[in-house]
Amino acid sequence: MAIAKAERLMNLALCLLGTRRPLSKRELRESVEAYLEAGSDDSFNRMFERDKDDLRELGLVIETVESLDGEIGYLARRDSNRLPPITLDAEEAAALGLAAKVWQQARLAGAASGALQKLRAAGLPEDVDPYEPHSALEPRIPVHEAAFEPLMLACRDRRPVVFDYRKANAAQPEPRLVEPWALECWRGHWYLAGFDRDRGAERVFRLSRITGKVRSRGSRFTAPVPDVVTVRETVASWAGETADRSALIRLRTGAGYPLRAKATGVRELGDGWDELEIPYGHGLDAWLVEFGPDVVVLEPAELRADVVDRLRAVAKG
């Protein structure tokens, strides 16, 4: 009779928590009785990968370690899987409930519900309903990119990834090998911050420009992960937020409200156009391209040239 899955997961967790060194798949297969019943290597591999993912979803931190001879091993350190007692007052519980509600219409709906169940077990006040409507506004975070979920898991598990990325001024995507650090939503778009191995430096990637599948690589991080990953600040600096001069643009009437909010001066030109003076910093050209035919750059000439180059690249792609 096949051993129940819950017992199999428990045995695997005990093996990973009880070892002082990484255990290979072969060693784990010999240690867990249910794996010995697997008919073939393929069926064992599928079962093990599912079990490993299930344990991680339950909160177990499983490390993947590559030995000197290239063999992959797994372990769950006790200090990484020990939490202090959790106590929440009503206000803290409400804040966590609101955060979970944000994800109910997104890809993390299942994870959010599971997290709330764990919080209930850890002492979440029973009289607090995290899903009780507190206002007429319903907070949501849009997640449409297929790359979001695999990148979120890679950030959590500290696993390098490979994906094809098309820059705004490029006609074709290029492969990137990245050590992912953190994801953040900014101006309705998701961004990934991480260490680009080929370029040997920190980079920020917009998820909507990732093409194809995100593929994991079974190796360690080679660069230290910052204590605080400032995705928003990095993206803002590349989007013209840290400006040191001004640009003059024509903007179609009734369009480009984010640009109007940043404008330091607005003048009506008539015929459905306005003239705006806006802060100009590094990366402004990439932002202006998003508004398409509603924006015409008047000056400076270098900004106009950069926007034209980006539009031509998009047209070729």
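## Overall picture

Exposed here means over 50% relative accessible area, and buried means under 20%. With that in hand, this is a predicted model, and its protein chain has 11 helices and 12 strands. Of the 317 residues in the chain, 38% are buried.

The chain exposes about 18,300 Å², with carbon and sulfur atoms supplying 52% of that area. Take the contacts between residues at least 6 apart in sequence: 57% of them join residues at least 24 apart.

## Helix α1 and its two sides

Let's start with α1, which covers residues 5–18. Its 14 residues should span 20 Å at 1.5 Å a residue, and the end C-alpha atoms are indeed 20 Å apart, so the two values agree.

The buried residues of α1 are Arg-8, Leu-9, Leu-12, Ala-13, Cys-15 and Leu-16. Looking down the helix axis, these buried residues fall within an arc of 160°, so they line one face of α1. Turned away from that buried side is a face carrying the exposed residues Ala-6, Met-10, Leu-14 and Gly-18. As for what covers the buried residues of α1, the list includes β1 (23–24), α2 (25–31), α3, α4 and β3.

## The nonpolar cores

The largest nonpolar core holds 19 residues, and the ones with the most contacts inside it are Leu-12, Leu-16, Leu-28, Tyr-35, Phe-48 and Leu-55. Three elements give two or more residues to this core: α1, α3 (33–36) and α4 (41–57). The most comes from α1, with five residues.

Leu-55 is a good place to see how this part fits together. Setting aside neighbours within four places in sequence, Leu-55 is in contact with Leu-9, Leu-12, Ala-13, Leu-16, Leu-60 and Ile-62. There is also a second, separate core of 16 residues, which includes Leu-259, Leu-276, Ile-278 and Val-295.

## Helix α4 and what follows

On to α4, where 17 residues at 1.5 Å each should span 24 Å; the end C-alpha atoms sit 24 Å apart, which agrees. Its buried residues are a mixed set: Ser-43, Phe-44, Met-47, Phe-48, Asp-51, Lys-52, Leu-55 and Arg-56. These buried residues pack against α1, α2, α3, β2, β3 and α7 (148–157). Just after α4 comes Gly-59, with a positive phi of about 110°.

## The β2–β3 hairpin

Strands β2 (residues 63–66) and β3 (residues 72–75) pair in the antiparallel sense over four bridges. One of the bridge partnerships joins Glu-63 to Leu-75 in β3. Together the two strands make a hairpin with five residues between them, and Gly-70 in the turn has a positive phi of about 90°.

## Asn-81, past the hairpin

Asn-81 belongs to the loop between β3 and α5 (90–102). Is Asn-81 partly exposed or buried? With a relative accessibility of 24%, Asn-81 counts as partly exposed, because buried would require under 20%.

Asn-81 and Val-61 are 20 residues apart in sequence, yet 6.1 Å apart in space, C-alpha to C-alpha. Beyond its neighbours within four places in sequence, Asn-81 is in contact with Leu-17, Gly-59, Leu-60, Val-61 and Ala-76. Two of these names have come up already: Gly-59 takes a positive phi just after α4, and Leu-60 is in contact with Leu-55.

Definitions and conventions:
Residues are numbered from 1 along each chain as its sequence is written. This is a predicted model: local features need pLDDT of at least 70, side-chain atom pairs count only at pLDDT 80 or more; totals for chains, interfaces and linings use all residues. Side-chain values use heavy atoms; hydrogens and water are left out. A nonpolar core is a set of buried Ala, Val, Leu, Ile, Met, Phe, Trp, Tyr and Cys residues joined through side-chain atoms within 4.5 Å. Buried means under 20% relative accessible area, exposed over 50%, partly exposed in between (1.4 Å probe, protein chains only). Contact means heavy atoms within 4.5 Å. Accessible areas come from the Shrake-Rupley method with a 1.4 Å probe; for residues, only the protein chains shown count as cover. Two strands pair if DSSP finds at least two bridges between them. The expected span of a helix is 1.5 Å times one less than its number of residues. The arc is that of the directions from the helix axis to the C-beta atoms.
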